[in-house]
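Student: Please take me through one part of this structure closely, and then show me what lies around it. I am new to it, so give the cut-off for each term when you first use it.

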Amino acid sequence: MRRALMMSLMTLLLTVWPLITLAGTASETVDTAVQDRADNFWFGHRGRMSDVIRTITVVMQGSRFLPGTIDVKRGETIRFLVINRDPIAHEFVLGDVAEQAAHEKEMASMPGMPMTDPNGVTVAPGKTGVFIWMFTQVGQLQYACHLPGHYQDGMFGQLNIHD
Ligand SMILES: [Cu+2]
């Protein structure tokens, strides 16, 4: 009798265990879905190295971007080499004017937080950042730095996505 109870408990556990494991997998799937959504912007998403068709070098110097204007084509995957020649960190963040304003607000609310957004890269003093982006729509963007005061001081450039 006792043995039979033990056996049925074992059976129950064996039946439930895969469900518990599945539950864990399900929540990971949700996290990935959230990650995917966060990675998608109206103008594109993170690109793959194997799709890169050209490299554009951007220099950050004197809290300015060089060049000040970049032209790309819809459908292009660009590798940005972002060279920071300043003794302070800078960001290279892609977005339209409204998205830049939102990011500016976000950065102001948590000073010193390293950026984790998929649409940009933070580059340490004297370092070079690599950032790959696939442009999917025609439009006007800015690339900007949102370290305190930099955007207001004019640390942004114009990026045009053409047909
Ligand atoms: Cu900056």
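Tutor: What follows starts with one sheet and then works outward from it.

Two notes on reading come first. Residues are numbered from 1 along each chain, as its sequence is written. The model is predicted, so local features need pLDDT of at least 70 and side-chain atom pairs count only at pLDDT 80 or more, while totals for chains, interfaces and linings use all residues.

The protein chain has two helices and eleven strands. Helices (H or I, at least four residues) and strands (E, at least two) are DSSP runs, numbered from the N terminus. Along the sequence, the elements of the protein chain come as α-β-β-β-β-β-β-β-α-β-β-β-β.

The part to look at is an open sheet of five strands, ordered β5-β11-β10-β7-β8, in which the pairing is mixed. Two strands count as paired if DSSP finds at least two bridges between them. At the edges stand β5 and β8 (120–123), and because each has a single partner strand, one side of each has no neighbour in the sheet. From one strand to the next, the twist averages 20°. Angles here run from 0 to 180 degrees between N-to-C directions, and axes are lines fitted to C-alpha atoms, for helices over the stretch in contact.

Begin with the edge strand β5, which is joined to β11 by five bridges, the two running parallel. In this pair, K73 stands opposite H162 in β11. On its other side in the order, β11 has β10, and these two pair in the antiparallel sense over six bridges. Here L141 is placed opposite L159 in β11.

A helix belongs to this picture too. Helix α2 (residues 97–109) lies across β7, β10 and β11, and runs at about 140° to β7. Contact means that the C-beta atoms of two residues, placed from the backbone, lie within 7 Å. A144 shows how this works for one residue: leaving aside neighbours within four places in sequence, A144 is in contact with V93, Q100, Y151, M155 and F156. In the protein chain as a whole, 80% of the contacts with a separation of 6 or more are between residues 24 or more positions apart.

A144 also has a place in the largest nonpolar core, which has 24 residues; V82, F92, L94, L141, Y143, A144 and M155 have the most contacts inside it. Such a core is a set of buried Ala, Val, Leu, Ile, Met, Phe, Trp, Tyr and Cys residues joined through C-beta atoms within 7 Å. A residue is buried if 20 or more other C-beta atoms lie within 10 Å of its own, exposed if 12 or fewer, and partly exposed in between, with C-beta atoms placed from the backbone. At least two residues of the core come from each of β3 (54–61), β6 (77–84), β7 (90–95), β9 (128–135), β10 (139–144) and β11 (156–162). In soluble globular proteins, nonpolar side chains tend to be buried together. Of the 163 residues of the protein chain, 23% count as buried.

Some of those core strands belong to another open sheet, whose six strands have the order β1-β2-β9-β6-β3-β4 with mixed pairing. Its edge strands are β1 (40–41) and β4 (64–66), each with a single partner strand, so one side of each is left without a neighbour in the sheet. Within it, β3 and β6 run parallel and are joined by seven bridges, with M60 opposite N84 in β6. Seven bridges also join β6 to β9, which run antiparallel, and R79 stands opposite I132 in β9.

Now return to the loops beside the first sheet. D153, in the loop between β10 and β11, is exposed because 11 other C-beta atoms lie within 10 Å. In sequence D153 and S63 are 90 residues apart, but their C-alpha atoms are 8.4 Å apart in space. S63 is in the loop between β3 and β4, and has a phi near 55°, a positive value in a residue other than glycine. S63 is partly exposed, with 15 other C-beta atoms within 10 Å.

Leading into β5 is the loop from β4, where P67 is placed. A cis peptide bond joins L66 and P67, with omega about 0°. Most residues other than glycine have a negative phi, and most peptide bonds are trans. After β5 (69–73), the loop to β6 holds G75, which is partly exposed, with 14 other C-beta atoms within 10 Å. The C-alpha atoms of G75 and D163 are separated by 8.7 Å, although the two are 88 residues apart along the chain.
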